[in-house]
Amino acid sequence: MKPAYLTDDAVQAFIKSAFKEDIGPGDYSSLASIPEGKTGQAQLIIKADGIIAGLELAERIFKAYDPELEVELLISDGDSVKYGDIGLIVKGSSASILSSERLVLNCMQRMSGIATLTHRLTEKILHTKARLMDTRKTTPNFRLMEKWAVHIGGGINHRFALYDMVMLKDNHVDFAGGIKAAITRTIEYLKSNKLDLKIEVETRNLEEVAEVIEVGGVDYVMLDNMNYETMKEAVKMIGNKFKTEASGGITEEMLVEVAECGVDFISMGALTHSVQSMDISLKAF
């Protein structure tokens with residue numbers, strides 16, 4: 001099942017904006033050099049091993065630019081791929097293929113890199129109950145695709161934006177005057193504005209964890225930048241009262257240890273802000 005944020009309107013709005021940025025008034029390289037009416041075909045060549053992502057988006061990009069283009073998907077999003085695999089074949093106007101090429105590749109290269117990393121890290125913690133999540137540390141105007149890639153790679157999407165969940169981080173708590181004040185005001189605000197949103201509170205130590213337990217009224221507790229022993233104790237204190245999320249500078253090297261603390265979720269900004277794109281190209285044949 002696709003995430004709720006992947007609406008047709010949202011995807012089409014992204015494609016329209018991206019074409020405006022890349023093509024503007026015209027792709028003069030193609031318009032100038034390609035004879036009018038010239039047709040051809042090209043194939044998407046995978047040049048690295050990993051998890052492919054963005055094929056469905058690629059088809060939508062080609063069709064959005066030129067509905068007459070024919071796109072044949074040879075594999076599916078989420079499939080494992082290896083060097084030399086062919087992802088799709090596109091046929092039709094040569095100029096249209098060339099004008100769409102870069103947007104397709106930019107999206108697929110980054111999405112596939114994210115999906116590959118997400119899949120690899122998820123595999124490392126399958127022996128625990130912890131699930132890997134993304135964050136809001138995404139590329140401006142590309143969050144839709146980056147979170148989609150995390151989903152394709154087997155990860156969990158955290159809140160999409162500021163409007164679909166309340167997260168009371170350390171600065172919120174400090175500006176509000178403490179955990180109790182932040183939670184109390186938030187519950188009152190949601191009630192008075194008839195908003196049905198989950199609430200998560202960031203904690204930095206066991207004292208703050210204890211305060212959240214005492215106040216209650218939240219759904220998730222974030223355990224931020226805690227060492228193994230502190231996190232394990234925090235999970236024990238919380239029990240089944242709230243869901244727990246480990247966060248803060250978590251690397252691949254420490255991922256398994258964190259998962260084995262017993263947390264429900266582990267969020268990693270690195271899934272989207274530090275990923276290496278997959279090498280993919282589009283070649284005429």
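# A tour of a predicted structure

The largest pocket has a volume of about 420 Å³. Of the 17 residues that line this pocket, Phe 14, Ala 18, Glu 21, Asn 141 and Phe 142 are the closest to its centre. Keep in mind as you look around that this is a predicted model. Besides the pocket, we will visit an open sheet of four strands, a stacked pair of aromatic rings, and two residues, Lys 194 and Asn 225, that each have a positive phi.

**The largest pocket**

- Which elements give two or more residues to the lining of the largest pocket? They are H1, helix H4 (94-124) and H5.
- H1 gives the most to this lining, with seven residues.
- Sorted by class, the lining has nine nonpolar residues, together with four polar and four charged ones.

**The four-stranded sheet**

- Four strands form an open sheet in the order S3-S5-S1-S12, and their pairing is antiparallel.
- At the edges are strand S3 (70-73) and strand S12 (280-284), each of which pairs on one side only.
- From one strand to the next, the twist averages 20°.
- Strand S5 (residues 86-93) is joined to S3 by four bridges, and the two run antiparallel.
- To find this pairing in the model, look for Glu 72, which stands opposite Ile 89 in S5.
- Another place to look is Val 71, whose bridge partner in S5 is Val 90.
- How many bridges join strand S1 (residues 39-46) to S5? There are six, and these strands also run antiparallel.
- Ala 42 has Val 90 in S5 as its bridge partner, so Val 90 is a handy landmark: it is the bridge partner of Val 71 as well.

**Aromatic rings**

- A pair of aromatic rings is described by two things, the distance of the centres and the angle of the planes.
- The structure holds four aromatic pairs.
- One of them is formed by Tyr 5 and Phe 160, and it is stacked because the ring planes stand at 25°, under the 30 degrees that stacking requires; the ring centres are 4.9 Å apart.
- This pair links distant parts of the chain, as its two residues are 155 residues apart.
- Tyr 5 sits in the segment before helix H1 (8-22), while Phe 160 sits in the loop between helix H5 (143-152) and strand S7 (166-168).
- Is Tyr 5 buried or exposed? Tyr 5 counts as buried because its relative accessibility is 15%, and buried means under 20%.
- Phe 160 is buried too, with a relative accessible area of 16%.

**Two residues with a positive phi**

- Most residues other than glycine have a negative phi.
- Lys 194 is not a glycine, yet it has a positive phi of about 55°.
- You can find Lys 194 in the loop between helix H7 (179-192) and strand S8 (199-203).
- Lys 194 counts as exposed because its relative accessibility is 76%, and exposed means over 50%.
- Asn 225 also has a positive phi of about 55° without being a glycine.
- Where is Asn 225? Its place is in the loop between strand S9 (220-224) and helix H9 (228-238).
- With a relative accessible area of 56%, Asn 225 is exposed.

Note on methods. Residues are numbered from 1 along each chain as its sequence is written. This is a predicted model: local features need pLDDT of at least 70, side-chain atom pairs count only at pLDDT 80 or more; totals for chains, interfaces and linings use all residues. Side-chain values use heavy atoms; hydrogens and water are left out. Two strands pair if DSSP finds at least two bridges between them. Axes are lines fitted to C-alpha atoms, for helices over the stretch in contact, and angles run from 0 to 180 degrees between N-to-C directions. Rings of Phe, Tyr and Trp (its six-membered ring) pair if their centres lie within 6.5 Å; planes under 30 degrees apart count as stacked, over 60 as edge-to-face and the rest as tilted. Buried means under 20% relative accessible area, exposed over 50%, partly exposed in between (1.4 Å probe, protein chains only). On a 1 Å grid over the protein atoms alone, a cavity is a set of points where a 1.4 Å probe fits but cannot get out, and a pocket is an open set with protein on both sides within 12 Å along at least five of seven lines; lining residues have an atom within 4 Å of a point. Grid points are joined across faces, edges and corners, and a volume is the space filled by probe spheres set on the points. Ala, Val, Leu, Ile, Met, Phe, Trp, Tyr, Cys and Pro count as nonpolar, Asp, Glu, Lys and Arg as charged, and the others, Gly among them, as polar.
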